[in-house]
Each structure stands twice: as C-alpha cells, then as structure tokens.
Amino acid sequence: MIVFFLRRLAYMALTMAVVSALLFLLLELTPGNVATKVLGPYSSEEQRNLWLEAHGYSEPLYERYISWLGNFISGDFGQSLRFKVPVSEVLWPRLWNTAVLGFWTFAVMIPLALVLGVLAGMNEGSALDRTISVTCIGTTSVPEFASAVFFVAIFVFWLKLLPGTSGMANGFTFQELILPVMVLVVYDFGYVARMTRASMAEVMTQPYMRTAVLKGLPYRQVILKHALRNALITPFTVITLQINWLLSGVIVVEFFFAYKGFGALILEASLNQDIFLIEACSMVAVFVAVVSQTIADLSYTYLNPRIRFA
Amino acid sequence: MTDIIQTIIPAPRMATAFKRALRSFALIRESGAGMMGVALIIFWVTIALLAPLISPFEPNATLQPFAKPGAAFAKGGTFWLGTDHIGRDILSRIFWGSRTVLFYAPVATFSAYVVGIFMGLAAGYYRGWIDEVLSFIANVILSFPVLVLYILIIATIGSSGINIILAVTFASAPGIMRIVRGLVLDLRNRDYVAAAQTRGESSWQIMLVEILPNARGPLIVDACLRLGYVIITIGVLGFLGLGLPPPDPDWGGMINETRSMALAFPHMTIFPCIAISSLILAFNLLADGLREISLRD
C-alpha cells in the first residue's frame, strides 16, 4: 500500500513536471515574444532587448526553465501585466472565491445526485428509474451557458427574485451565489446520479444481497448496510474526479455572472496575453486536477480491498 | 439447387452492411429515448440541408433592430423569433447556424477519432514501451481541466474553423485512445487474432481489419456522447468569444453577442440556447438508446 502510495505521488510529480515544461515551451519558447507581450506591441526593438537582458532571457532555454520552475515552487509567479501587481496577489483571493462557489456546488450536488442515483438503481427498470434517468440526460444536455440564460430569464427577468450578476460589488451575499451554484449543479448532478445508479443497480444483483434478503433482514437494513456501502465506492471516485470538470464549468459560469473567481481570471489572462498570469493559473488548475485524480485513485484502492494489490 | 448456391456464395459486402445498418435501426426503434434522439437529429439535419430554402431572410442582412418575436417586417415577411441588436433575423441565423455546428462538430469528432483510434490500437496491440509512452502522453493531456486546455490552445494559435478542429482533436483523442486501448487489450487475445497472426497478416492489417470492427459497439455509443460534448465545446468557445470569427452565424457566438442585452431582450439569447440544447440532447438520447440496446444482447 505504501509502495503504491509513493508510486502515485512520484507519478503525480512527473506529470506536473511535464505539464510545466509544456506550458513553458508554449508560452516562453521565443524570448522576443515574451518581451513583446510584456512591453506591448509598440515597444522598440532596443527596449525589448534591454528588458530581455535584465530579466535573464539571454540564458539557454533549459536554464531559464529551471530558474522559472524554482521561482514558481517558492511562490514567486512574477508580475501580472494586466493588473500591474504580483500574480500571487490576484491569484489567491480569486481561487478562494472559486473554492466558495465549488463548496456550495458540491454541498448541493452530492446529496441530490446520490439520493436520485440510489433511488433509480434500487428500482432498476421501474418508471421512477426511467424518469430519473431521462431527467439526468436532459439536464446534462443543457450546456452551462444555456442553462444560465434560462435561469436568468426565469428568476431575474420574469420573477425578479434574484440578481442577474454576481460581481459581489457590495461584499459577499448569498443571493448572488444562488444562480451560479444552480447552473453548476444542474449541469453536473446528472452524470454523478447516473454513475451512482449504475453502481447501485450492479450491487442489487449481487448474491450477497439475495442472501441478506433471504435471511430475513429488514429491507431498510439490507439497503443501508449491505448495498450502499458497496455501491458508493464508485460515486466517491466520480465525485472526486468531478473537481476537474468543475474547473472547466466555473470558467463559463464566472464569466457569465461576472463572479470574481479563478475561472474568470484564467479566461481574462488568456484573452489579454497576460503571460505570467496564464502560467500561474494553468499550473494551479492542473495541480488541483492532478491532486484530485490522485486522491480518487488512492481512495478507490483504499475503499475497495478487492483491487488493492492489482 | 439455387438454394444451395445462395447459401454458399456470400452476398455482396455492401448489401450486408446496408442490411445490418437497417437491422440496427430497427433495434433503435425499440428504445423510446433513442427514437426521440433520431427524430431530433433528422429534424436538425433537414434544417441544415434546406437552410437556404426555408430561411425567411438573409442570415447576415441588417433589417430592423430589436424586433420582438412575431413582429412584421415593413417590407414584407415576419420575424418569427425576432431580430438581434443589429437587426438580423434570429430564425434565419439559427437555421444557418445549424449548418456551422453540424459541419464542425462531426468533422472535429471524426478527426479526434482517427487520431485516438490509431493511438489506442498501437498502445493496446504492441503494448510495452509504445503503450507506456502513449498512455503517459494521454494522461498528461487529460490532467488539464478540459476548458483550460481549449482556452490555452485557441488563445495561442488563434480562433478559426481549422484551429477549433485541431484543438478538439488534441483534447479528445487521449480519451478515445484510452477506450480503444482497453478494448484492444481484451480483443487481442481472441482466437481470430491468433489465426490472422498465423496467416502472416501484418500488424496494422490485424488491428484495422480484425480488431477494430469488433470493437465498434462501445465506440459508436461513445462517439454519440462525444459528439454531444464537441457541440457543447464549440458552443462554449463561441460563447467565450473564442469561436468562429463573425459574421457567419454560429449558435455560441449568437449567445455571446446578445448576452449583455438578455435582461431587456431575452428572445435574442433564449432561442439559440434552445437550439443548441436540443441538438446536444438528441445525441445524448441516441447514445442512451444505443447503450440500452447493446446491454440487452
């Protein structure tokens, strides 16, 4: 188990190293480009060369990469060109805002998806199962920007219940968080519910379930003690992997509702060629994704003893 | 006598393939959800094909700004779904936009499949270091949150039709590769593969002729789902302003352009949203129907 754990960690580090090298190559392969982005398109050749000289860009590529990576690990992400402040000053508050959004999304989505998935899986083939399954297909078919438009039309334009933007101009309010969370939940819960359903339906056909029923246990206890414990292993992994999906989803939702989060930041950085901010944001996004994938792998192995040594 | 001849001589290949396709179509009729998907797809394909004939107006012509749905045009005709902020007829733009999405989404998905299938076949059939290298590349690409990857690629190489196809291929091929690889690892130990190896068929012939056709079931279901995702992706890129360059109608772009006016003129954004959602729904329902049928036998 410990060997497996260490191997997963080493693999994670290797992935991050390759990703960082790719990002560095993509964005900083030609120093001239970097200087143009930093100093703007109207800078003179001479200014660019001076800047490059002063910032160590005359060194060979691999040395630049190593010093860049060193700075990166020690938390020095460079200067944001758009916000004119160090990258870390914009990055961490934005990431916190997105964490708040993500927390509430998961807090609503997980119970909803699990309950629907278990109900559908318990009664496989029933009308309830078909209704839940088709509803899930329907909600996952509506992209986030479309459901955002629908919800804004209903709750803001028609019912006038909620604010249409979530800029949090007057400090944090729950009202402004409701629509973004709703959009993310509606898009996401269907997939988790369907995976839960499949897992539950499979468990229901297992021989130990028949044994439990036949030895006269109350049905409630059979479901709660025997079925759920086995059926929830897969959804747990799926939910952890959902973090990767959520990082994509928040880009659309934060852009739509003008929520000052990490997703809107990464889009803004890319559209404005804010090179150091792009690097930092992408690395953080991939780091979060890779860590959640590793946790999903490790916990799956831990929760399911049958595959521990496979 | 004719009976015997007919049983010995195999029917021409095309005819059997056609019959098989008909038979699968007959199967999909048993699934209500699948049939709804097929109907919706046929609906949108018909609209895309007939767009020049059935569009009431030119999709890019400036006619009368901010017309409400159902308003009459002074020079004749009706704006059934209203017009946008620069006076273009929304219904005509949705009709023409279906051409855009129904061209780019299948082409991009197909391109991703070609790359993914070759990578998956090679990884699953040769195994060893080829498998390890390809799997590692796939894992690295898949460790990016998918939209971050799209934004990085499009922001670097610029947004155009070709670049969207390239970006979709780059981001989707690893996922396809994983599925193909898994299927090949299972199929490569079958007897008919051993027989082909004994006959001295080349590796690629075995992969493409013996293994790939037998892996088609799960791949077709995945292709339908993936087509839905690619339509979402193209829509999202358009919505973020990274999609196809204007003025040609593109559903995501239409939503992006009129989104700031959505509170005053909801009809400008809602109808393209309904269009794109219904098309994605169609492919997801079809995938669900196909999966249901494949699980039955």
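**Exercise 1.** Which residues in α12(A) meet which residues in α6(B)? Then describe how the two helices lie relative to one another.

*Solution.* The model is a predicted one. Begin with the residues: on the α12(A) side they are A:I266, A:L267, A:S270 and A:L271, and they meet B:V148, B:I151, B:L152 and B:A155 of α6(B). Sorted by character, the residues of this contact comprise seven nonpolar, one polar and no charged. Two packed helices are described by the angle between their axes and the distance between the axes. For helix α12 (residues 262-271) of chain A and helix α6 (residues 146-157) of chain B, the axes come within 9 Å and cross at roughly 10 degrees. Angles under 35 degrees count as roughly parallel, and α12(A) is therefore roughly parallel to α6(B).

**Exercise 2.** Determine how many residues of each chain take part in the contact between chains A and B, and which element of chain A gives the largest share.

*Solution.* Start with the totals: 36 residues of chain A are in contact with 33 residues of chain B. Among the elements that give two or more residues to the chain A side are α1 (2-28), α11 (233-257) and α13 (275-303), while the largest share, eight residues, comes from α7(A). By character, the chain A side divides into 26 nonpolar, 10 polar and no charged residues.

**Exercise 3.** Compare the span of α4(B) with its expected span, and state whether this helix is mostly covered or exposed.

*Solution.* Helix α4 (residues 90-126) of chain B has 37 residues and reaches 53 Å from its first C-alpha to its last, which is close to the 54 Å expected at 1.5 Å a residue. Of those 37 residues, 26 are buried, and α4(B) is mostly covered. Just after this helix, B:R127 takes a positive phi of about 50 degrees.

Key
Residues numbered from 1 in each chain as written. Chains lettered and ligands numbered in written order. Predicted model: local features only at pLDDT ≥ 70, side-chain atom pairs only at ≥ 80, totals over all residues. Axes fitted to C-alpha atoms, helices over the stretch in contact; angles between N-to-C directions. Helix = DSSP H or I, 4+ residues; strand = E, 2+ residues; numbered from the N terminus. Parallel < 35°, antiparallel > 145°, perpendicular 65-115°, else oblique. Contact = placed C-beta atoms within 7 Å. Nonpolar A, V, L, I, M, F, W, Y, C, P; charged D, E, K, R; others polar. Expected span 1.5 Å × (residues − 1). Buried ≥ 20, exposed ≤ 12 C-beta atoms within 10 Å, placed from the backbone.
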